[in-house]
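Take a look at the sequence and the fold below. This report walks through bonds, cores, empty spaces and unusual backbone spots.

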Amino acid sequence: MRWTGDAAAGDWLKRLIDDPPRFTMHDVVPRGFAAYARVFHPAFCGDDAVTWAETADAFGTTMHPRAQWNRIVRVAPEDGAQQVVAPDGREFFAPQEGGLDAGIVSILARVLAEHTTTPDAGGVALWEGWGGLLGGYGTNGRGFFSLGGDPVDRARDFLARSTRDVLNEVFLKGRWQDGILSREISEGTRLRLPMREHVLFEGGIREFAAADWELHVPWRDLPAEQHGFPPSALSPSIVWPDDHAWVLVTEVDYDSTIIAGSRALIAAACATAGLEASAIPAETRLTWDSDEVNGP
């Protein structure tokens, strides 16, 4: 997989995404496919991953394809639903928004690879707004706390990095701070879609089928690893094969991933062990108030 500055490779998506927005999933998910499915990001009960269906059972609500987390756990949106206690006393934590568990990415990738003639070639887009992904002048949006070493040395290092020339720095251009991606990529061309801008890579879905895909993508979080964190990488925001047989979209503000493709693909995804997925029709709304089964 490699970065590309040829953003035109994603132009076909622009023609299929609503602009201006109509407040359905097609504000970010392309139209024109035979079928769609929603892959629910796992929630957590304590340290254990749980499905939305298991959560609904705990709260006495109903799991269905258009379910919304706040209504599954019976919490008003303004009250937040990140951490909620069920009637039986168990504590549930909300699914991740904008990111899909690495293991689920692998499972889904294997399904997707079977439904394209070009599993080794396509486009992979990553939302540019993730903190620390791109470098920039002044800051890249992240800081790390050192987990080891002599406390005195850590303090001296902190002071050295924090010292400022207050009188003169206002006249100076900010210093470039590296992100996960190189300066060339950070300053490079973006794939500009109606709602978001993305860094674009050339790569095939089969690369994500490996259990250790996080170790091989260009945006592996090496800076975090240098500070003692385990290897990791963001899940892709959009993926498509060169034959345009399907599209995967993990929208930043969604707690589920949408796949668009053939009816055979959607049926396969919904039947795959390890995925909590449901077919959804075109024009589906996924706003907080769209769960009419469990609300208002």
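## Cysteines

A disulfide is a pair of cysteine sulfur atoms within 2.5 Å. How many disulfides does the count come to by this rule? The count comes to zero. Keep in mind that this model is predicted.

Two cysteines show how exposure is judged. C45 has a relative accessible area of 15%, so it is buried. C270 has 28% relative accessibility, so it counts as partly exposed. The cut-offs behind these words are under 20% for buried and over 50% for exposed.

## Nonpolar cores

The largest nonpolar core holds 39 residues. Inside this core, F208 and W219 have the most contacts. At least two residues each come from strand 2 (35-40), helix 4, strand 7 (122-127), strand 11 (197-202) and helix 8 (263-270). Which element gives the most to this core? Helix 4 does, with nine residues.

Now zoom in on F208. Set aside its neighbours within four places in sequence. F208 is then in contact with M1, V105, S106, A109, V124, W213, V217, W219 and P236. There is also a second, separate core, made of 21 residues. Among them are Y36, I238, W240 and L286.

## Enclosed cavities

Rolling a probe the size of a water molecule over the atoms shows where empty space is left. How many cavities of 30 Å³ or more are there? The count comes to two.

The largest cavity has about 100 Å³ of space. Its lining has 14 residues. Nearest its centre lie V28, R196, H198, I238 and E251. By class, this lining has eight nonpolar, three polar and three charged residues. I238 is thus a name to remember: it lines the largest cavity, and it also belongs to the second core.

The second largest cavity has a volume of about 70 Å³. Its lining is made up of L100, V105, L108, A109, I205, F208, S235, P236, V239, L248 and T250. Helix 4 (residues 102-113) supplies the largest share of this lining, three residues. By class, there are nine nonpolar residues, two polar and no charged ones. F208 appears again here, as a lining residue. In the largest core, F208 is one of the residues with the most contacts.

## An open pocket

The second largest pocket has about 590 Å³ of space. It is lined by 28 residues. Which of them are closest to its centre? They are Q68, E97, D253, L286 and W288. One of these, L286, is also part of the second core.

The classes in this pocket lining are mixed. There are 13 nonpolar, seven polar and eight charged residues.

## Backbone spots to check

Start with the bond between D19 and P20. This peptide bond is cis, with omega about 10°. P20 sits in the loop between helix 1 (11-14) and strand 2.

F23 lies in the loop between helix 1 and strand 2. Its phi is near 65°, a positive value in a residue other than glycine. Is F23 buried or exposed? F23 has 60% relative accessibility, so it counts as exposed.

R74 is in the loop between helix 3 (69-72) and strand 5 (83-85). R74 is not a glycine, yet its phi is positive, about 60°. At 56% relative accessibility, R74 counts as exposed.

Note on methods
Residues are numbered from 1 along each chain as its sequence is written. This is a predicted model: local features need pLDDT of at least 70, side-chain atom pairs count only at pLDDT 80 or more; totals for chains, interfaces and linings use all residues. Side-chain values use heavy atoms; hydrogens and water are left out. On a 1 Å grid over the protein atoms alone, a cavity is a set of points where a 1.4 Å probe fits but cannot get out, and a pocket is an open set with protein on both sides within 12 Å along at least five of seven lines; lining residues have an atom within 4 Å of a point. Grid points are joined across faces, edges and corners, and a volume is the space filled by probe spheres set on the points. Ala, Val, Leu, Ile, Met, Phe, Trp, Tyr, Cys and Pro count as nonpolar, Asp, Glu, Lys and Arg as charged, and the others, Gly among them, as polar. Buried means under 20% relative accessible area, exposed over 50%, partly exposed in between (1.4 Å probe, protein chains only). Helices (H or I, at least four residues) and strands (E, at least two) are DSSP runs, numbered from the N terminus. A nonpolar core is a set of buried Ala, Val, Leu, Ile, Met, Phe, Trp, Tyr and Cys residues joined through side-chain atoms within 4.5 Å. Contact means heavy atoms within 4.5 Å.
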